[in-house]
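This report looks at how one protein chain is packed. The sequence and the structure come first, and the reading follows.

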Amino acid sequence: HGMVRCPNHMKIEPSPLTSPPTNDEIAAARTLVRLNRHLAHALAKVDLTEAQYRVLALLAEGDDGASGIAGQMALTKPSITALVDGLEDRGLVERHPHPSDRRRRTLSITADGLAQLALADEAGTGCLRAIAEHTDDAESPIAGLAAWDRAIRSYRRAKRDARHSRAEQ
């Protein structure tokens, strides 16, 4: 067993107490990779990459700094800067002076950015629905993904809280 990197570049050392992955877990991981490919094709139809889509979604959810977005996306700040440059050139994102730190800039999604995000959401949802129609219960896979989203958000909060706790010590 080698070391694995998870989102936010966290190192995960397999524990000797951890059982090997089940066939269902392996199939689920591989399925998510395939599903991601389908979603990337859907986003390309509305002229967005996965990374651009994620930046727009994070801005729409209220994140406003490149550092925070970089952490959420597990990318370096220069990578986020390049992504934001492209989105800004297209009029989808704006930079503003930070209210209390003149060295920093805040980010906001524009009306055009919200419209592009809505198109991307429709494209992604259409893709998911089209695939889910090939199951016995089309609601079940989408509900399962929503549960994964809640788990990921909780996982990120726990990791962030652990980092803050270590930093305070």
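Which residues of the largest nonpolar core touch the most other members? They are Val-55, Leu-56, Ile-69 and Ile-80, out of 22 residues in that core. The model is predicted.

**The core and its suppliers**

Five elements each give at least two residues to this core: H2, H3, helix H4 (77–89), strand E4 (105–109) and helix H5 (111–132). H2 gives the most, with 5 residues. In soluble globular proteins, nonpolar side chains tend to be buried together.

**Overall layout**

The protein has 6 helices and 4 strands. Along the sequence they follow the pattern β-β-α-α-α-α-β-β-α-α. Of the 169 residues, 22% count as buried. Among contacts with a separation of 6 or more, 47% link residues 24 or more positions apart.

**Helix H2**

H2 merits a section to itself. Its buried residues are Gln-52, Val-55, Leu-56, Ala-57, Leu-58 and Leu-59. Their cover includes H3, H4, strand E3 (93–97), E4 and H5. Val-55 shows part of this packing in detail. Setting aside neighbours within four places in sequence, Val-55 is in contact with Ile-69, Met-73, Leu-83, Val-84 and Leu-87. After H2 comes Gly-62, with a positive phi near 115 degrees.

**Helix pairs**

Two packed helices are described by the angle between their axes and the distance between the axes. Three pairs are set out here.

| Pair | Axes come within | Crossing angle |
|---|---|---|
| H2 and H3 | 11 Å | roughly 125 degrees |
| H3 and H4 | 9 Å | roughly 110 degrees |
| H5 and H6 | 8 Å | roughly 130 degrees |

Take H2 (residues 50–60) and H3 (residues 66–73) to begin with. Their axes cross at roughly 125 degrees, which makes H2 oblique to H3. The crossing is right-handed. On the H2 side the contact is made by Ala-51, Arg-54, Val-55, Leu-58 and Leu-59, and on the H3 side by Ile-69, Gln-72 and Met-73. By class, this contact has 6 nonpolar, 1 polar and 1 charged residues.

Next, H3 and H4. Their axes cross at roughly 110 degrees, so H3 is roughly perpendicular to H4. From H3, the residues in this contact are Ala-66, Ser-67, Ile-69, Ala-70 and Met-73. They meet Lys-77, Ile-80 and Leu-83 of H4. By class, the contact of H3 with H4 has 6 nonpolar, 1 polar and 1 charged residues. Ile-69 and Met-73 take part in the contact of H3 with H2 and also in that of H3 with H4.

Then H5 and H6. Their axes come within 8 Å and cross at roughly 130 degrees, so H5 is oblique to H6. Leu-128, Arg-129 and Ala-132 of H5 meet Pro-141, Ile-142 and Leu-145 of H6. This contact has 5 nonpolar, no polar and 1 charged residues.

**Loops with positive phi**

Where does Asp-47 lie? It is in the loop between helix H1 (23–44) and H2. Its phi is near 60 degrees, a positive value in a residue other than glycine. Ala-74 also has a positive phi, about 60 degrees, although it is not a glycine. Ala-74 is in the loop between H3 and H4. Is Ala-74 buried or exposed? Ala-74 is buried, because its relative accessible area is 19% and the cut-off is under 20%.

**Gln-116 and Arg-156**

Gln-116 lies in helix H5. It counts as buried because its relative accessible area is 14%. Which residues is Gln-116 in contact with, leaving aside its neighbours within four places in sequence? They are Val-46, Asp-47, Leu-48, Arg-90 and Leu-92. Asp-47, the loop residue with positive phi, is thus one of the contacts of Gln-116.

Arg-156 sits in helix H6 (residues 139–168). With a relative accessible area of 26%, Arg-156 is partly exposed. Its C-alpha atom is separated by 9.9 Å from that of Gly-71, and the two residues are 85 residues apart along the chain.

How values were computed
Residues numbered from 1 in each chain as written. Predicted model: local features only at pLDDT ≥ 70, side-chain atom pairs only at ≥ 80, totals over all residues. Heavy atoms only, no water. Axes fitted to C-alpha atoms, helices over the stretch in contact; angles between N-to-C directions. Parallel < 35°, antiparallel > 145°, perpendicular 65-115°, else oblique. Left-handed = near helix turned anticlockwise from the far one by under 90°. Contact = heavy atoms within 4.5 Å. Nonpolar A, V, L, I, M, F, W, Y, C, P; charged D, E, K, R; others polar. Core = buried A, V, L, I, M, F, W, Y, C linked by side-chain atoms within 4.5 Å. Buried < 20%, exposed > 50% of the residue type's maximum accessible area, 1.4 Å probe, protein only.
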